[in-house]
Amino acid sequence: MRMRMRPAVPALIAYRHALPRAGLRQVRFNSSVSSPAPQPRESPSPGQLPRTIASLLHPDARVPRHGQQGGSSNTPESVTIHGWIKSIRKMGRICFAHITDGSTATPLQAVLTKTQAAGLSTGSSVRVIGNWVESGAGSAQKHELRAEEVHLMGAADPNTYPLQKKYQSPEFLRSLPHLRSRIPGNSAILQLRSLISSNLTSFFAKKEFVQCYPPIITSSDCEGAGEVFTVASNEKGQEQFFKSPKYLTVSTQLHLEALAAALPRVWTLSPTFRAERSDTYRHLSEFYMLEAEVSFIETLDPLIGLIEDMIRGIVSELSTSRLGQELLELSGEERAQVEARWEGLLRSTRWKRLTYSSAIEVLQKEVQDGKATFQYPLEWGVSLQSEHEKYLAALFDGPVFVTDYPKQIKPFYMLPSATASPDSPTVACFDLLFPTVGELIGGSLREHRYDELLENMKTHGLVPTDGNMDEAGLKWYAELRKWGTVPHGGFGMGFDRLLCYLTAIENIREVVAFPRWVGRCDA
């Protein structure tokens, strides 16, 4: 099986200006055909939020306001909309403007007079007041806005505005992080982040989890890899601000464990940071992690079941939402692939589970049978590389839980496996592998016994060999095992990697509004 190593360029993130368009046609403003009288002009109160374009184009997705029926009514409705000009076409005495406000990927078509369109160009921001009426035959949209008043709120010089009506590559758009969210695909990804965040909040609330907000500045490197950003004040000649070195968090796990000792089910969606000098399409220096901790569990099964329910719930809501349909339309040639990924995650069968030892055997057999070749060698006791993880997920045609990794390659806080052999010790942990992504989620049972945890910390050089915890930065973490300790476990999910999988975008920098990676922090 050959694995594609270079990311493709999905239509979702390349600006082709391929928005759904309403058909252009002739419009007569002084038609002799009578039409229903418009409703009174919409006059929002000072405390009312402006109306969105999505509420007009997709009225079934909202609760009608003040008895209004939006686009579903045959009676012209006087409305006010705000947005940015996506394109404008002049057809003799009239002009057709496509206006978007980010609430939907479909632009609203407004019919303007030549005078009203004067000074408008792509990128301009406008307020348009007019009548929302049925479109005539030949139009792609059922309704359109017949403008009565057009107010230019912010001009965009067509000679300097960079997002013009032409193809622009993801690489170029990445150099404009302050502007690229105006592109329909990027706007849709921002909405996707919001939709999934909302879904997660609801999911965990129903499971009686408490959402917590652990600190971003920490006194330790959770994973022990040393790839951390050090926090320092810019005051010259001053002592360290915190009296000892502090870092931007690489994981909130340790602090969540402390909170789980009081609230047995906790979760967070927080920014994390790693000073990893990897300039690949899979790495970021700042990214979001969903992390959860559960007390009073003694096997991995509750965590694995929770994860399956969580991801299925996310995909189920997405696949039936308006946003989901817009993402499919924006995906272009990748649409079939995106749909297949969603359908694969919604299968009723349980996701594949196998131990690390079994995974090594499977991969070695694939090599022996001439079905696979890998850059990195395979033997028991070494970490699975991305190429191995992706191959396993592809081989089993879906998500795969790999459990019970060797203790020597995992962090200090993991509990030994119940079936661990003295000769080949393993820990009660798992990685969830996704096709094309590799590891999406990592989790484990935590070592809840004080003496055993202390020995692990000594082995990893986190405390002096004499066991003097007063000199250890994780004294507080170890003390959780001294008073009322309980069996517990948790997991962490790369939120941005999940977005990549759901949208078939391989480069993780394209699903983050302002990506940071080694050498780049542009805005």
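Helices here, of the H or I kind and at least four residues in length, are DSSP runs numbered from the N terminus. With that in hand, helix 3 is followed by Glu208, whose phi is positive, near 65°. Welcome to a predicted model of a chain that holds 12 helices and 16 strands. Of its 523 residues, 50% count as buried. Among contacts between residues at least 6 apart in sequence, 71% join residues at least 24 apart.

**Nonpolar cores**

- The largest nonpolar core has 59 residues, and the members that touch the most others are Phe204, Met310, Ile311, Ile441, Phe491 and Leu502.
- Helix 5, spanning residues 301–319, gives the most to this core, with nine residues.
- Another core, of 30 residues, lies apart from it, and Leu254, Phe374, Met414 and Tyr477 are among its members.

**Helix 7 against helix 12**

- Two packed helices are described by the angle between their axes and the distance between the axes.
- For helix 7 (residues 335–345) and helix 12 (residues 495–503), the axes come within 7 Å and cross at roughly 115°.
- On the helix 7 side, the contact is made by Val338, Arg341, Trp342 and Leu345, which meet Cys500, Tyr501, Leu502 and Thr503 of helix 12.
- Sorted by class, this contact of helix 7 with helix 12 has six nonpolar residues, one polar and one charged.
- Leu502 is worth a second look, since this residue of helix 12 meets helix 7 and is also listed among the core members that touch the most others.

**Helix 8 and its two faces**

- Helix 8 runs over residues 356–368, and its 13 residues reach 18 Å from first C-alpha to last, close to the 18 Å expected at 1.5 Å a residue.
- Its buried residues include Tyr356, Ala359, Ile360, Leu363 and Glu366.
- These residues lie on the same side of helix 8 because they cover an arc of only 125° around the axis.
- Turned away from that buried side is a face carrying Glu361 and Gln368, both exposed.
- Cover for the buried residues of helix 8 comes from elements including strand 12 (352–355), helix 9 (386–395) and strand 13 (400–403).
- Just after helix 8, Gly370 takes a positive phi of about 75°.

**Helix 3**

- Helix 3 covers residues 184–206, and its 23 residues reach 33 Å from first C-alpha to last, close to the 33 Å expected at 1.5 Å a residue.
- As noted at the start, Glu208 with its positive phi comes after helix 3.

**Other positive phi values**

- Most residues other than glycine have a negative phi.
- Asp397, in the loop between helix 9 and strand 13, has a positive phi near 55°.
- Ala504, in the segment after helix 12, has a positive phi near 60°.
- Ala504 counts as buried because its relative accessibility is 7%, and buried means under 20%.

**A look at Leu248**

- Leu248 sits in strand 9, residues 246–248.
- Its relative accessibility is 22%, so Leu248 counts as partly exposed.
- Val228 is 20 residues from Leu248 in sequence, while their C-alpha atoms are 6.6 Å apart in space.
- Leaving aside neighbours within four places in sequence, Leu248 is in contact with Ile216, Phe229, Val231 and Phe273.

Technical notes:
Residues are numbered from 1 along each chain as its sequence is written. This is a predicted model: local features need pLDDT of at least 70, side-chain atom pairs count only at pLDDT 80 or more; totals for chains, interfaces and linings use all residues. Side-chain values use heavy atoms; hydrogens and water are left out. A nonpolar core is a set of buried Ala, Val, Leu, Ile, Met, Phe, Trp, Tyr and Cys residues joined through side-chain atoms within 4.5 Å. Buried means under 20% relative accessible area, exposed over 50%, partly exposed in between (1.4 Å probe, protein chains only). Axes are lines fitted to C-alpha atoms, for helices over the stretch in contact, and angles run from 0 to 180 degrees between N-to-C directions. Contact means heavy atoms within 4.5 Å. Ala, Val, Leu, Ile, Met, Phe, Trp, Tyr, Cys and Pro count as nonpolar, Asp, Glu, Lys and Arg as charged, and the others, Gly among them, as polar. The expected span of a helix is 1.5 Å times one less than its number of residues. The arc is that of the directions from the helix axis to the C-beta atoms.
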